[in-house]
Amino acid sequence: MSHPFQHRVCIAGASGRMGQMLVDAVRHSGDCVLAGALDVASSPSIGLDAGAATGQPTGVAITADLAAGLAGSQCLIDFTRPEGTMVHLRECARQGVNLVIGTTGFSEEQKAEIAEAARSIAIVMAPNMSVGVNVTLKLLDMAARALSTGYDIEVIEAHHRHKVDAPSGTALKMGEVIASALGRDLKDCAVYAREGVTGERDPSSIGFATIRGGDIVGDHTVLFAGTGERIEITHKSASRATYAQGSLRAVRFLAGRPAGLYDMFDVLGLR
């Protein structure tokens, strides 16, 4: 019997690292309750309790049956892969379940389909759910506007060896925020690779450097390099717990909201 004031949450990829962090965050939240846990049919965790791995049973079994897994939920939190998220999106739209999307690496077509679904359900989508990262994005917007000439801008990011996409969704979002503040389009000014005789740096470009190794959760630095000084704005994640806490803030924000596509700036009142 769920408490009437609790948010009934379903978690996608429930047996993964992020999924387990979310299960844990929901358990400790006080105002959210686990109502469903999803994973791919090939997962060895199918049929097990979502809290089995941590020895903290939730009473919710992990299932590959989307319709059944979402049936009792008000909101799905999804940090999986684009292909998986798109399948979940369609079922959420069908059942009227809100969605918090932390997945990165979507194509333009996939983003368009998410925007279309947001006409019928409320969705928070952000490449990074961390409260601190989103405050950092706000700081970058302010810095870029003030440092629009005479400063070269470079985005440096580091992640663990298992991350499959590069640059990270967060690094790209940082580039987009900066480009937008400068009145540019990131597509026109991003430089993702340098090797050999590259010629002088184009002052209007935004450069990206990607580091992969070990168990780094996520480090991002934006360097504004001028003549005689440089400004570095850095955010470092020590734990995925920060993404889980931000996700729960997104769940709370969506409760009772009209259909639409929101982001963490909406959730945190940073607009």
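**Notebook: salt bridges and helix α5**

Entry 1. I looked first at a group of charged side chains and found Asp 152, Glu 154, Arg 194 and Arg 201 linked in a network of salt bridges. I note that the model is predicted. A search of the whole structure gave me 15 salt bridges. As background, I recorded that side chains of opposite charge can pair when their charged atoms come close.

Entry 2. I turned to helix α3, residues 82–95. Which residue forms a salt bridge with Glu 91? The partner is Arg 94, and the closest N and O atoms lie 2.8 Å apart. I then asked why these two residues can meet. They stand 3 residues apart in α3, so about one helical turn separates them. In general, an α-helix has 3.6 residues a turn, so residues three or four places apart point the same way.

I also looked up whether each partner is buried or exposed. Glu 91 has a relative accessibility of 12% and therefore counts as buried, the cut-off being under 20%. Arg 94, with a relative accessible area of 61%, is exposed.

Entry 3. I moved on to helix α4, which covers residues 108–117. Here the side chains of Glu 108 and Lys 111 meet in a salt bridge, with an N to O distance of 3.8 Å. I accepted this pair because the cut-off is 4 Å. Both residues lie in α4, 3 residues apart, or about one turn of the helix. Lys 111 is partly exposed, its relative accessible area being 34%.

Entry 4. I examined helix α5, residues 131–146. Arg 145 forms a salt bridge with Asp 141, and their closest N and O atoms are 3.1 Å apart. The two residues are 4 residues apart in α5, which again means a separation of about one helical turn. Asp 141 counts as buried, at 17% relative accessibility.

Entry 5. I stayed with α5 and checked its span. The helix has 16 residues and reaches 23 Å from its first C-alpha to its last, close to the expected 22 Å. At the start of α5, I found a side-chain oxygen of Ser 130 within 3.2 Å of the backbone nitrogen of Gly 132.

Entry 6. Which residues of α5 are buried? I listed Val 133, Asn 134, Thr 136, Leu 137, Leu 140, Asp 141, Ala 143 and Ala 144. I then looked up what the buried residues of α5 pack against. I found two helices, α6 (169–181) and α9 (264–268), together with the strands β10 (218–225) and β11 (230–237).

How values were computed: Residues are numbered from 1 along each chain as its sequence is written. This is a predicted model: local features need pLDDT of at least 70, side-chain atom pairs count only at pLDDT 80 or more; totals for chains, interfaces and linings use all residues. Side-chain values use heavy atoms; hydrogens and water are left out. Buried means under 20% relative accessible area, exposed over 50%, partly exposed in between (1.4 Å probe, protein chains only). The expected span of a helix is 1.5 Å times one less than its number of residues. Contact means heavy atoms within 4.5 Å. A polar contact is a pair of N or O atoms within 3.5 Å; within protein, one must be able to donate a hydrogen and the other to accept it, and residues adjacent in sequence count only if both atoms are side-chain atoms.
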